Structures are given as C-alpha cells and as structure tokens.
Amino acid sequence: MKLLKQLCRIHAPSGNEKKLSNFLLNYIEEQKVQWKQQPTVVYGEGFQDCILLIFGRPRTAIFAHIDSIGFTVRYGKQLVKIGGPDLETGYTLVGEDSQGEIECTLEFDEEEHEISYKYEREIERGTELVFKCDFRETEETVQSCYLDNRLGVWSALKVAETLEDGIIAFSSWEEHGGGSVAYLAKYISERYGVHQALISDITWVTEGVQPGQGVVISMRDSLIPRRSYVERIIGIAKASGIPFQLEVEGSGGSDAKELQHGPYPWDWCFVGAPEDNVHTPNEIVNKKDIESMVALYRELMEKL
C-alpha cells in the first residue's frame with residue numbers, strides 16, 4: 001500500500017494534474033523493466049497531462065482518471081468547488097500559493113450555502129485547496145482522501161505488471177466534467193482500432209453493494225452501456241470464480257460519458273471497488289474488494 005499512499009498525497013485536482021502525471025511517468029520509467037511486457041509510453045505534446053501505455057497488440061483499453069475533487073479560492077475567504085466534494089465545517093485543506101504552504105480549515109454555512117476557509121491570512125485567488133491526506137491502513141481496510149480515483153490508478157499500475165496486450169489510459173478532468181477522454185479515445189480508435197473499454201474507477205457502497213463482497217461490475221449509472229458487452233464481462237467474471245457484485249444505479253458517471261457521447265463505437269463498462277464516505281477525507285475501501293478488482297481486471301484484459 002506504499003504506492004497507494006504516495007498517490008493519495010499528491011496534489012492533483014482537476015485541471016492541475018501535472019504533479020501526478022510527472023510522478024506516474026517517473027514510476028513507469030523505473031518499474032517497466034520488471035513488467036512482463038514493455039509498453040510504449042505516449043505523452044507530451046497533444047496529450048496535455050494524460051498518459052497512454054500501449055502493450056503488445058491491444059484489444060481493450062483501461063481508463064483511469066488521475067484528477068481529484070477540491071476547491072479553488074475565489075475572492076476574500078470564498079471557495080468554489082472543484083467537482084463534488086463533501087462539505088463539512090472542520091475539514092482540513094492544504095495547498096500552496098506564492099507566500100508558502102497552506103493548511104487551513106473548511107467552513108460551510110448550510111443556511112446560506114456559502115463555502116469559505118479559515119486561515120491566518122488571505123490566500124491568493126485561484127489557489128487550489130485539497131483535503132489533507134491522513135492515510136490509514138488496517139488488516140481489512142484502507143482509508144484516505146482521494147481513493148477515488150488514486151485506487152483506480154493504483155489498480156491499473158498493478159495490472160500493467162503482467163499485461164501483455166492492452167492499453168492503459170490515464171485521463172484528466174473527470175471529476176469536473178471531463179475533457180480529455182474524447183481525444184484519447186480518438187487517438188486509440190484511429191491508431192489501434194480498439195473500441196472496448198473498462199473504466200477503472202471507484203463506486204459507492206449502497207444498500208445493494210456491500211464492502212468486502214467483491215469488485216463491482218456496474219450494469220448502468222446515469223448512462224447505459226451496451227448490454228451484450230456487459231454480459232460478456234459478467235460471463236468472464238462468473239467463470240473466473242473471482243468475487244464480484246452487480247450494481248444498478250440511476251445517477252453517477254465516469255470517463256465513460258465521453259466514450260458514449262463520442263463519434264466512435266466504443267463498448268464500455270465500469271468495473272471498480274466500492275467505497276464508503278464518498279468524496280470526503282475519509283473514503284474507505286475493503287482490501288478484499290481491492291484484491292478482486294486487480295484480479296478481475298487481469299482476467300478481463302486477457303479474455304476480452
């Protein structure tokens with residue numbers, strides 16, 4: 001879990017993913033010599049802060065967004081949301097402006113619906129603030145801010161260790177409306193002819209999805225994937241013996257939105273571990289669900 005802890009601590013809210021992108025590029029460069037298949041690493045001009053790993057002769061692409069929720073300093077003490085963070089007075093926020101590092105407190109006026117910060121000085125406008133990382137691990141769980149989606153990124157990196165044929169796409173902006181998957185999908189489709197996707201992201205614990213019962217295969221959220229593709233994935237999961245759960249929701253979304261709304265015929269399915277305390281500093285995931293997530297991704301990338 002050392003790598004996951006490192007990922008959760010990196011400042012990378014939507015629109016400012018550069019630090020995490022650089023960390024991933026360095027990690028990939030150091031680790032790829034130990035991987036079963038050496039990938040082609042695509043990044044830089046034309047890809048902003050996104051990264052593609054191309055393994056062998058790919059048939060399926062994993063999409064994992066690297067950005068997080070957070071806040072932007074407006075005027076005075078005002079804050080505006082990046083994505084949909086939970087709002088509770090007392091949360092510790094961290095960031096940095098030209099005057100130095102910042103550790104301040106979130107304040108939320110429920111009656112006026114106003115978000116602000118408490119700090120010894122005025123923070124420069126445009127500064128991004130994120131939840132302070134308090135990474136906790138027990139025998140059964142991991143708990144931290146930004147398991148959504150640093151855990152999805154971590155899982156993809158674990159899959160990369162043994163992946164022979166496939167693509168891993170690290171995307172940006174997912175938490176604040178998207179914006180990068182459209183051009184990644186275009187590049188992948190036109191260059192490699194790949195139109196199958198798995199969304200490596202983190203979903204919710206609900207009355208129908210419980211912690212410790214296995215990775216979640218989402219049959220739908222606010223969008224509906226193609227049924228025949230989802231059934232293929234469920235069939236592979238059943239045959240593998242890996243614990244999994246089926247999810248049916250009417251809200252929520254992911255990088256799949258840009259695939260579904262784009263001009264290319266992508267099949268997609270959200271596959272990820274469930275977490276509780278969503279979009280708070282205290283997101284929590286059961287280790288059994290993490291294990292089954294990595295195991296099922298390995299199986300799917302081989303069998304699809």
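Reader: What is the volume of the largest pocket?

Author: In this predicted model, the largest pocket has a volume of about 430 Å³. Of the 22 residues in its lining, those closest to the centre are Arg9, His11, Val94, Gly95 and Val130.

Reader: Which elements each supply at least two residues of that lining?

Author: Helices α1 (2–9) and α2 do so, together with the strands β6 (92–97), β7 (100–109) and β9 (128–131). Sorted by class, the lining of the largest pocket holds nine nonpolar, five polar and eight charged residues.

Reader: And how much space lies in the second largest pocket?

Author: The second largest pocket holds about 360 Å³, and it is lined by 25 residues, of which Glu174, Trp204, Gly252, Gly253 and Ser254 are the closest to its centre. The elements that give two or more residues to this lining are β14 (203–204) and α6 (256–260).

Reader: How many nonpolar, polar and charged residues does that second lining have?

Author: The lining of the second largest pocket has five nonpolar, ten polar and ten charged residues.

Reader: Back to α1 and α2, then: at what angle do they pack?

Author: The angle between them is about 155°, and their axes lie 10 Å apart. Angles over 145 degrees count as roughly antiparallel, and α1 and α2 are therefore roughly antiparallel to each other. The crossing in which α1 passes α2 is right-handed.

Reader: Which residues make the contact?

Author: From α1 the contact uses Leu3, Gln6 and Leu7, while α2 brings Leu20, Phe23, Leu24 and Tyr27. By class, the contact of α1 with α2 divides into six nonpolar residues, one polar residue and no charged ones.

Reader: What about α2 and α3, are they roughly parallel or antiparallel?

Author: The axes of α2 (residues 18–31) and α3 (residues 147–160) come within 13 Å and cross at roughly 20°. Since angles under 35 degrees count as roughly parallel, that crossing makes α2 roughly parallel to α3. Here too the helices have a right-handed crossing, with α2 passing α3.

Reader: Which side chains of α2 and α3 meet there?

Author: I can give the residues in contact, without saying which of their atoms are involved: Leu20, Leu24, Tyr27 and Ile28 in α2 meet Arg150, Val153 and Leu157 in α3. By class, this contact of α2 with α3 has six nonpolar residues, no polar ones and one charged residue. Leu20, Leu24 and Tyr27 of α2 also take part in the contact with α1.

Reader: Anything odd in the backbone of α3, say, which residues does a cis peptide bond join?

Author: A cis peptide bond links Asp148 and Asn149, with omega at about 10°, and Asn149 is placed in helix α3.

Reader: And where is Gln48?

Author: Gln48 sits in the loop between β1 (40–42) and β2 (51–55). The phi angle of Gln48 is near 50°, which is a positive value in a residue other than glycine.

Reader: One more, on Glu96: what does it touch, leaving out residues up to four places away in sequence?

Author: Leaving those out, Glu96 touches Glu101, Ile102, Thr127 and Glu128. Glu96 belongs to strand β6, one of the elements that supply at least two residues of the lining of the largest pocket.

Reader: How far apart are Glu96 and Phe131 in space?

Author: Taken from C-alpha to C-alpha, Glu96 and Phe131 are 13 Å apart in space, and they are 35 residues apart in sequence.

Note on methods
Residues numbered from 1 in each chain as written. Predicted model: local features only at pLDDT ≥ 70, side-chain atom pairs only at ≥ 80, totals over all residues. Heavy atoms only, no water. Axes fitted to C-alpha atoms, helices over the stretch in contact; angles between N-to-C directions. Helix = DSSP H or I, 4+ residues; strand = E, 2+ residues; numbered from the N terminus. Parallel < 35°, antiparallel > 145°, perpendicular 65-115°, else oblique. Left-handed = near helix turned anticlockwise from the far one by under 90°. Contact = heavy atoms within 4.5 Å. Nonpolar A, V, L, I, M, F, W, Y, C, P; charged D, E, K, R; others polar. 1 Å grid on protein atoms, 1.4 Å probe; cavity = no way out; pocket = protein on both sides within 12 Å on 5 of 7 lines; lining within 4 Å. Points joined across faces, edges and corners; volume = space filled by probe spheres on them.
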